[in-house]
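Subject: The two-chain model, with notes

Hi,

Here is the structure I promised to pass on to you. Please open it alongside this email, and the notes below will walk you through what turned up.

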Amino acid sequence: MKLVVAIVRPEKLNDVLEALYRAEVTGLTISRVRGHGGETEQVETYRGTTVKVELHDKVRLEIGVSDSFVEPTVRAIISGGRTGDVGDGKIFVLPVEKVYRIRTGEEDRSAVTPVSAEESGV
Amino acid sequence: MSAADTAWMLVATAMVLVMTPALGFFYGGMVRAKNALNTMMMSYVALGFVGIAWALIGYSLAFDSNGGLLGGLDYAFFRGVGLEAKGSIPHVLFASYQGTFAVITAALISGAIVERMRFGPYLTFVALWSIGVYAPIAHWVWGGGWLGKLGALDFAGGTVVHINAAAAALVIAVVLGARKDYARQAIIPQNVPFTLLGTGILWFGWFGFNGGSALGANTSAALAFTNTMFAPMATLVVWSLLDLMRTRKTTAIGAATAIVVGLVAVTPAAGFVSPVSAIALGGIAAPASYFALLYRARTRLDDSLDVVSAHGVGGIVGALLTGILAQKSWNGVADGALFGNPRQLLIQLAAVVATIVYSAVATFVILKLIALGFRLRASAQEEGIGLDVTQHGEEAYSRGEGAILVHAERG
């Protein structure tokens with residue numbers, strides 16, 4: 001099992017999600033974050049105050065996947081998130097020691113295999 | 001000159017002026033947060049760029065009576081616009097009041113092209129449009145031009161303001177093309193309370209818009225005022241019921257839209273029909289715009305905030321129903337088809353068609369002229385980042401994290 005952590009542009013989030021769904025990666029968590037890569041600063045002016053905004057809005061995706069899904073997940077994020085300009089983001093693939101599904105107590109591989117609500121009888 | 005008329009028109013002018021910022025809130029709530037300032041600015045800047053164009057030349061082209069098609073240049077730069085009486089109010093006040101109409105009409109168009117037009121070309125467009133499209137049509141109907149002479153009834157601007165703006169909106173939406181995310185991603189309103197706030201202020205201002213179009217504190221103003229109150233109420237009721245039947249829920253954006261549609265529809269009729277007729281008119285306007293909205297959303301036409309469905313369809317329904325429901329016993333001017341004067345309906349139809357044709361063609365020409373020198377559309381990348389940062393260098397909801405102070409350049 002791996003944890004895929006990706007930082008992408010907020011305006012590319014929908015494209016990334018589309019690509020992930022096409023790759024049948026359905027379980028994920030996103031959060032709004034701010035960060036700094038190598039992109040040029042954005043200059044804003046409010047009355048006499050001019051500021052450089054060095055932290056840019058980004059979206060972080062966290063996706064727990066079984067080993068066979070790592071490659072498709074990463075490829076989907078790259079294809080959906082790329083604009084070709086500096087600031088497209090990063091993907092980190094981290095080893096995972098244990099995974100539990102809270103509802104059932106299932107562990108590891110079966111815990112990261114998605115179950116649709118209908119199948120589980122909810 | 002009448003002190004009472006002057007007092008009412010001073011207040012009415014301020015009320016109509018505030019409608020343009022209100023429109024900014026109405027529109028600004030319906031776009032995405034990254035385009036909130038840009039959308040609101042499209043309304044706010046019309047106050048300056050259209051208002052000054054009006055003082056320099058627009059007023060003269062509209063109201064210096066000279067021929068059927070266009071006014072003259074005698075009032076250019078407000079020359080000869082002084083304290084003398086125009087009707088029963090000072091001429092300067094009349095010119096100011098009419099200027100507030102030019103401003104909001106141009107701002108209305110912006111709803112069709114939010115989230116994608118570059119700001120410089122937009123400024124150029126509204127200024128030129130107010131001179132080349134608004135002023136001539138205002139002249140036709142109110143300035144002694146051919147539609148007024150023909151007997152077209154437009155109390156406060158159903159054709160001049162709403163149908164005119166909607167025809168221009170249709171053309172500019174087609175010329176610019178759809179937003180890159182249109183029909184691909186869910187684009188949902190960033191702040192529905194803003195839209196409701198804008199609607200409330202618009203309604204308040206509209207009492208000045210319609211009531212003030214009587215140009216005095218008189219019975220005609222009282223009738224227009226009353227109809228401006230009850231017609232949108234009827235639209236709101238019918239719209240809410242339609243919403244309930246279709247989705248089992250009454251939506252807030254729907255209520256805001258309904259009120260504006262009712263106000264638009266009653267605008268040409270305000271001082272010409274009885275209050276009961278105004279209620280009928282408001283009720284009829286609801287399904288027309290409601291189903292136009294539903295239809296538009298399924299097309300490729302990215303008239304983003306539905307200027308055509310609200311102001312075009314609402315305006316046409318209002319203009320034609322004015323030709324049916326007008327009553328000489330209420331307005332002292334003319335009867336409509338229902339009261340024995342079917343010819344009035346044909347005159348109304350002529351006014352609608354003439355306005356649409358001229359506005360559409362002239363808007364297209366103005367856009368093509370600007371496009372000779374400037375790119376009208378923001379790039380796909382700018383659209384992605386949002387127009388607030390790319391066009392204005394500001395954010396609507398800035399958190400200030402990571403903002404580093406740049407010392408002011410010493411001049």
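Let me start where the two chains meet: 16 residues of chain A are in contact with 15 residues of chain B. On the chain A side, the elements that contribute two or more residues to this contact are β3 and β4. β3(A) supplies the largest share, 5 residues. By character, the chain A residues that touch chain B split into 5 nonpolar, 6 polar and 5 charged. Please keep in mind throughout that this is a predicted model.

The contact also includes strand pairing across the two chains. β4(A) pairs with strand β3 of chain B, residues 403–406, in the antiparallel sense over 4 bridges. If you want to find this pairing on screen, look for A:Val51, which stands opposite B:Leu405 in β3(B). Another place to look is A:Thr50, which faces B:Val406 in β3(B).

On its other partner, β4(A) (residues 49–53) pairs with β3(A) (residues 42–46), again antiparallel, over 5 bridges. A:Tyr46 has A:Thr49 in β4(A) as its bridge partner. The hairpin of β3(A) and β4(A) has 2 residues between the strands, and A:Arg47 there takes a positive phi near 50°.

Put together, these strands form an open sheet of 3 strands, in the order β3(A)-β4(A)-β3(B), with antiparallel pairing. β3 of chain A and β3 of chain B stand at the edges with a single partner strand each, so one side of each has no neighbour in the sheet. Neighbouring strands in this sheet are turned against each other by 35° on average, ignoring direction.

Now for chain A as a whole. Chain A has 3 helices and 6 strands, and along the sequence they follow the pattern β-α-β-β-β-β-α-β-α. Its radius of gyration is 18 Å, whereas a compact globule of 122 residues would have one near 14 Å. Along the principal axes, the C-alpha atoms of chain A fill a box of roughly 60 × 30 × 25 Å. Of its 122 residues, 23% count as buried. Among the contacts in chain A with a separation of 6 or more, 74% are between residues 24 or more positions apart.

Finally, two aspartates deserve a look for their backbone angles. Most residues other than glycine have a negative phi. A:Asp108, however, has a positive phi near 50°, and its place is in helix α3 of chain A, residues 108–112. The second is B:Asp306, which is not a glycine either and has a positive phi of about 55°. You will find B:Asp306 in the loop between α10 (275–297) and α11 (307–325) of chain B.

Which of these surroundings is buried and which is partly exposed? A:Asp108 has 15 other C-beta atoms within 10 Å, so it counts as partly exposed. B:Asp306 has 24 C-beta neighbours inside 10 Å and therefore counts as buried. The cut-off for buried is 20 or more such neighbours, and for exposed 12 or fewer.

If you only have a few minutes, I would begin with the sheet β3(A)-β4(A)-β3(B) and then turn to A:Asp108 and B:Asp306.

Best wishes, and happy browsing!

Conventions: Residues are numbered from 1 along each chain as its sequence is written. Chains are lettered from A and ligands numbered from 1 in the order in which they are written. This is a predicted model: local features need pLDDT of at least 70, side-chain atom pairs count only at pLDDT 80 or more; totals for chains, interfaces and linings use all residues. The radius of gyration is taken over C-alpha atoms; the globule rule is 2.2 Å times the number of residues to the power 0.38. Two residues are in contact if their C-beta atoms, placed from the backbone, lie within 7 Å. Two strands pair if DSSP finds at least two bridges between them. Ala, Val, Leu, Ile, Met, Phe, Trp, Tyr, Cys and Pro count as nonpolar, Asp, Glu, Lys and Arg as charged, and the others, Gly among them, as polar. Axes are lines fitted to C-alpha atoms, for helices over the stretch in contact, and angles run from 0 to 180 degrees between N-to-C directions.
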